[in-house]
Amino acid sequence: CLRIYNKTDNKKGIGTVLNEIGLFYWNAGRFDIALKFFKKALQVAGEIGNRLTIGAVVGNIGLIYHSMGNLNEALRYFERNLAISEEINHKIRIIIALGNIGEVYKERGDFAKALEFYNKAFTIAAELGIKSEIGFSCLYLGSIFSKQGKGKKARSFLKKAENLFIELKDDRDLSAVYTEFAESYIEDREYRKAVNYAKKALSM
């Protein structure tokens, strides 16, 4: 497929294929190879000024750096992804970028800053009524409140996320919610409840 695109000089197609190859290697855990393909895809998208593709690839590069534990580079690409998403007014990508930036700040231990970005993501998702993104935002907010020692408030958001993911039949993300429930109960030293939710997470 890539060979055909190269012959016809279809740069949009080339960029798309390079991005897909990057995703393949990312899913296989080959982050170094994935990064090379994403950066090639970014170069091609830049040559034709395709802002939609540039934004997508920049976000993927941020995720790669995040997976590699390079939070500084991850943040740099997530912020660039947010700027492009706002420029083209792509609301879903804005929500995702805000959530990704919040994740970086959470891992840095800057919970106040993480909360700021999670709240922005939640507000936009709620305005648009996108249930999956509302669920993710509630999950992220629950995680932050748990780490701040606000277990009751954390579980109120996690309960909303749980209900949404049950409605959407999203078992993978429901498992993440149950893991956060377990962690919130550990923070509150309610270990029996923590074990019960950990078992639920593992059963999904």
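**Entry 1: Asp 32 and Arg 30**

I looked up Asp 32 to begin with and found it partly exposed, with a relative accessible area of 43%. The model I am reading is a predicted one. Arg 30, at 40% relative accessibility, also counts as partly exposed. The two residues form a salt bridge, and their closest N and O atoms are 4.0 Å apart.

**Entry 2: Salt bridges within helices**

How many salt bridges does the structure hold? I noted 10. As general background, I recorded that side chains of opposite charge can pair when their charged atoms come close.

I then turned to helix H5, residues 71–87, where Glu 73 and Arg 76 lie three residues apart, about one turn of the helix. They form a salt bridge with 2.9 Å between the closest N and O atoms. Glu 73 has a relative accessible area of 22%, and because the limit for buried is under 20%, I entered Glu 73 as partly exposed. Arg 76 is partly exposed at 46% relative accessibility.

Helix H6, residues 91–108, holds Glu 103 and Lys 106, again three residues apart, or about one turn. The salt bridge between them has its closest N and O atoms at 3.3 Å. Are these two residues buried or exposed? Both Lys 106 and Glu 103 are buried.

I also recorded a network of salt bridges that links Lys 113, Glu 116 and Lys 120.

**Entry 3: The nonpolar core**

I next examined the largest nonpolar core and found 59 residues in it. Ile 61, Leu 98, Ile 101, Val 177 and Phe 181 have the most contacts inside this core. Which helix gives the most to the core? Helix H3, residues 31–48, does so with nine residues. In soluble globular proteins, nonpolar side chains tend to be buried together.

For Phe 181 I listed the contacts, leaving out residues up to four places away in sequence. Phe 181 touches Arg 155, Leu 158, Lys 159, Glu 162 and Tyr 197.

**Entry 4: Aromatic pairs**

My count of aromatic pairs came to 11. The rings of Tyr 118 and Tyr 140 have centres 5.0 Å apart and planes at 20 degrees, so I entered the pair as stacked. Tyr 118 belongs to helix H7 (residues 111–128) and Tyr 140 to helix H8 (residues 131–147), so the pair ties together parts that are 22 residues apart in sequence. I found Tyr 118 buried, with a relative accessible area of 0%, whereas Tyr 140 is partly exposed at 22%.

Tyr 185 and Tyr 197 form another stacked pair, with 5.8 Å from centre to centre and 20 degrees between the planes. This pair links distant parts of the chain, 12 residues apart: Tyr 185 is in helix H10 (residues 171–187) and Tyr 197 in helix H11 (residues 191–203). The relative accessible area of Tyr 185 is 10%, and I noted this residue as buried. Tyr 197 is likewise buried, with a value of 17%.

Which residues do ring pairs link into a cluster? I wrote down Tyr 178, Phe 181, Tyr 185 and Tyr 197.

**Entry 5: Charges over rings**

Finally, I looked for charged groups over ring faces. The charged end of Arg 155 sits over the ring of Tyr 185, at 4.2 Å from the ring centre. Arg 155 had already appeared among the residues that Phe 181 touches. I also found Lys 160 over the face of Phe 157, 4.9 Å from the centre of that ring.

How values were computed: Residues are numbered from 1 along each chain as its sequence is written. This is a predicted model: local features need pLDDT of at least 70, side-chain atom pairs count only at pLDDT 80 or more; totals for chains, interfaces and linings use all residues. Side-chain values use heavy atoms; hydrogens and water are left out. A nonpolar core is a set of buried Ala, Val, Leu, Ile, Met, Phe, Trp, Tyr and Cys residues joined through side-chain atoms within 4.5 Å. Buried means under 20% relative accessible area, exposed over 50%, partly exposed in between (1.4 Å probe, protein chains only). Helices (H or I, at least four residues) and strands (E, at least two) are DSSP runs, numbered from the N terminus. Contact means heavy atoms within 4.5 Å. A salt bridge is a side-chain nitrogen of Lys or Arg within 4 Å of a carboxyl oxygen of Asp or Glu. Rings of Phe, Tyr and Trp (its six-membered ring) pair if their centres lie within 6.5 Å; planes under 30 degrees apart count as stacked, over 60 as edge-to-face and the rest as tilted. A charge sits over a ring if NZ of Lys or CZ of Arg is within 6 Å of the ring centre and within 35 degrees of the ring normal.
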